[in-house]
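This report describes the arrangement of secondary-structure elements in a single protein chain, with attention to helix packing and burial. The sequence and the structure are shown first.

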Amino acid sequence: MRLWLSLAISMLAVVATPRFAAADDARTAAPAFTASAPDFQYRAIDGRWRTLHDLRAQGHVLLVFEPGDEQLVVLEREADSLHAQDVIPVAVFRASAAANWSRIERLGLTYSLLSDPRGELAAQFQAAASPTQGAPAWCLVDRDGRMCGFDRGALPESGFAGMVETALHVREGASAVRP
């Protein structure tokens, strides 16, 4: 649990900025299974620029786009289970860093929330149906930078740990990616 707390303290108020693609370059199709995840930069609370690559050095990365309070609480409740699977959860919102801090304090969260007010990160990951609207989605990026799970339009009702376990164990010829 201390690892999660230290991660949260070091990265909570961040602003996602695109590293490669712009929002208007986003396609509406789902990303290809095991495709390389787009790298991105964000400014961490310590003021330093970091990348998805930096997060992957700590484990697989579960990006959860536009979760509701209920899903945020589920992620918090499953933190130990996700950590046991070597997974770092990160929630992404089309909101300001101040709004994210408010969520963190109100819900007692110990993991990172990224601020993506213009939807550029969501567009890079094709998480939104359109560049102008945020929508719930999740993407699991493995340590090698491959997308090994993705779903757009809904978040898992039964929690994230089981979904992550399935996505991490998908073998060639099978896919955890749904358009």
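Helices H3 and H5 of this predicted model are oblique to each other, because their axes cross at roughly 60°, a value that lies outside the range of 65 to 115 degrees for roughly perpendicular pairs and is not under the 35 degrees for roughly parallel ones. H3 spans residues 69–77 and H5 spans residues 97–107, and the two axes come within 11 Å. The crossing in which H3 passes H5 is right-handed. On the H3 side the contact is formed by Asp69, Leu72 and Val73, which meet Arg103, Arg106 and Leu107 of H5. Sorted by class, the residues in this contact comprise 3 nonpolar and 3 charged ones, with no polar residue.

**The two faces of H5**

Which residues of H5 are buried? They are Asn100, Arg103 and Ile104. Viewed down the axis of H5, these buried residues fall within an arc of 100°, so they line one face of the helix. The cover over the buried residues of H5 includes H3, strand E5 (87–93) and strand E6 (112–115). On the face turned away from the buried side, H5 carries the exposed residues Ala98, Glu105 and Arg106. Arg103 thus belongs to the buried residues of H5 and also takes part in the contact with H3. Arg106, by contrast, is exposed, yet it too is among the H5 residues met by H3. Just after H5, Gly108 takes a positive phi of about 65°.

**The surroundings of H3**

In H3, the buried residues are Leu72, Val74, Leu75 and Glu76. These pack against E4, H4, E5, H5 and E6. Leu72 is buried and is also one of the H3 residues that meet H5. The elements E5 and E6 appear on both lists: they are among those that cover the buried residues of H5, and the buried residues of H3 pack against them as well.

**Helix H7 and its cover**

Helix H7 runs over residues 161–168, and its buried residues are Ala161, Met163, Val164 and Ala167. They lie on the same side of H7, because the arc they cover around the axis is only 160°. Elements covering the buried residues of H7 include E4, H4, E5, E7 and strand E8 (147–152). Of these, E4, H4 and E5 are also elements against which the buried residues of H3 pack.

**Residue pairs separated in sequence**

Three pairs are listed below with their separation along the chain and their C-alpha to C-alpha distance.

| Pair | Separation in sequence | C-alpha to C-alpha distance |
|---|---|---|
| Ala84 and Ala161 | 77 residues | 9.7 Å |
| Leu55 and Arg143 | 88 residues | 8.8 Å |
| Ser112 and Trp101 | 11 residues | 9.8 Å |

Ala84 is placed in helix H4, residues 79–84. With a relative accessible area of 69%, Ala84 is exposed, because the cut-off for that class is over 50%. Its partner Ala161, in contrast, is buried in H7. Leu55 lies in helix H2, residues 52–56, and at a relative accessible area of 0% it is buried. Ser112 is found in strand E6 and counts as buried at 1% relative accessibility.

**Positive phi outside glycine**

Where in the chain does Glu66 lie? Glu66 is in the loop between strand E4 (60–65) and H3. Although Glu66 is not a glycine, its phi is positive, at about 55°. Glu66 is partly exposed, with a relative accessible area of 25%. Gln126, also a residue other than glycine, has a positive phi near 55°. The position of Gln126 is in the loop between helix H6 (120–124) and strand E7 (137–141). Is Gln126 buried or exposed? Gln126 is buried, because its relative accessible area of 7% falls under the 20% limit.

**The chain as a whole**

The elements described above belong to a chain with 7 helices and 8 strands. The chain has 179 residues, of which 51% count as buried. Among contacts in the chain with a separation of 6 or more, 71% are accounted for by residues 24 or more positions apart.

How values were computed: Residues numbered from 1 in each chain as written. Predicted model: local features only at pLDDT ≥ 70, side-chain atom pairs only at ≥ 80, totals over all residues. Heavy atoms only, no water. Axes fitted to C-alpha atoms, helices over the stretch in contact; angles between N-to-C directions. Helix = DSSP H or I, 4+ residues; strand = E, 2+ residues; numbered from the N terminus. Left-handed = near helix turned anticlockwise from the far one by under 90°. Contact = heavy atoms within 4.5 Å. Nonpolar A, V, L, I, M, F, W, Y, C, P; charged D, E, K, R; others polar. Buried < 20%, exposed > 50% of the residue type's maximum accessible area, 1.4 Å probe, protein only. Arc of directions from axis to C-beta.
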